[in-house]
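Student: Please take one part of this protein and look at it closely with me. I would like to hear what surrounds it, and how it fits into the rest of the fold.

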Amino acid sequence: MILMTSQVLPHVKKPATILIVEAHPDDAAIFAGGTLVRLAEEGHTLVNLCSTYGEKGTLDRSMTREKMIDIQKSESLRAADVIGISEVIFLGIPDGELQPELELRQQYTEIIRRVQPDFVFSFDPHIPYDPHPDHQATSRTIYEACLNCHLPLVFPDQLADGLKPHYVNRFFGWESSNPNTYVDITASLETKLRALEKYESQMQMILDETRNRSSRAGIDVPISRETTSKEFIREWITTEAQRIGKHANCQHAEAFNSIGFSAVRIIVEQLETEE
Ligand SMILES: [Zn+2]
């Protein structure tokens, strides 16, 4: 287990480019927001790729898809400002319909070759317990794209269009059942919470869903009628950061499965063991 306290990317001596790949606009902020804030503060360039607009994230029967796209887009851009993300790319694939297939791998490969990231953050590719099909599709497909985007005969049309093959150094998977890297987010938790507050519609929906599901299940959850989504999210995220922090002997943390590629992985892991 490695705890990143003084620097999130300790072996990196110059500003890096980091690509964050989400299924829905609030995924990265929820699972990795504190780490991303720290990476931006350390001078790295953050580019966020949203695969969908998350436009089905509403319980309101009078809401339209177009209106939800506008809401999600503007909330996402406001949150990106708080975190320190410099560019947000929306792929615009319909929410709930991501497929872990060749077409998505091609789209992800094209973005990687355009952005040329040193590091990629997304869902851990090994998350069999996350039932959301979009999360499954994103994690598996972006990992596959990272693995092979340096090979010129993989989607060669992209090279004919002027893009270059590219090596991704390392993949950081959030929501992992097997984390090997913990990032101390005690100092960045407050900024993470402020970023999450920008996803107003989604935070309200998470609170409403929790209330509805628990009352239908007959479970008495300690959320009063007066509890606002802001208070609810603050409590939920802080408790989760404390829970992860206990594994890493710090107050608040986020956890990742950090995966290197091929022989480089073996060399770096050997160096880390020798330190
Ligand atoms: Zn999601």
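Tutor: Two residues are in contact when their C-beta atoms, placed from the backbone, lie within 7 Å. Helices (H or I, at least four residues) and strands (E, at least two) are DSSP runs, numbered from the N terminus. The model is predicted: local features need pLDDT of at least 70, side-chain atom pairs count only at pLDDT 80 or more, and totals for chains, interfaces and linings use all residues. Residues are numbered from 1 along each chain as its sequence is written.

Let us choose helix H3, residues 102-115. Its 14 residues should span 20 Å at 1.5 Å a residue (counting one less than the number of residues), and this agrees with the 20 Å between its end C-alpha atoms. Just after H3 comes Gln116, with a positive phi near 55°.

Which residues of H3 are buried? They are Leu104, Arg105, Tyr108, Thr109, Ile111, Ile112 and Arg113, where buried means 20 or more other C-beta atoms within 10 Å of a residue's own (exposed is 12 or fewer, partly exposed in between). Their cover includes three strands, S2 (17-22), S3 (45-50) and S4 (87-90), together with helices H4 (133-148) and H5 (156-160).

Ile112 also leads us outward. Beyond the neighbours within four places in sequence, Cys146 is in contact with Ile112, and also with Val120, Val168 and Phe171. Both Cys146 and Val120 are among the residues with the most contacts inside the largest nonpolar core, alongside Ile20, Leu36, Ile83 and Phe121. Such a core is a set of buried Ala, Val, Leu, Ile, Met, Phe, Trp, Tyr and Cys residues joined through C-beta atoms within 7 Å; this one has 62 residues. Helix H1 (residues 27-41) gives the most to it, nine residues.

Two other helices are worth a glance. In H6 (residues 189-198), the buried residues are Leu189, Thr191, Lys192, Ala195, Leu196 and Lys198, and they pack against H1, H2 (65-83), H7 (200-216) and H8 (229-248). In H2 sits Ala80, which counts as buried because it has 25 C-beta neighbours inside 10 Å. Outside its neighbours within four places in sequence, Ala80 is in contact with Asn48, Ile85 and Val88.

Stepping back, the protein has nine helices and eight strands, and its C-alpha trace spans about 55 × 45 × 30 Å along the principal axes. Buried residues make up 41% of its 275 residues. Of the contacts between residues at least 6 apart in sequence, 80% join residues at least 24 apart.
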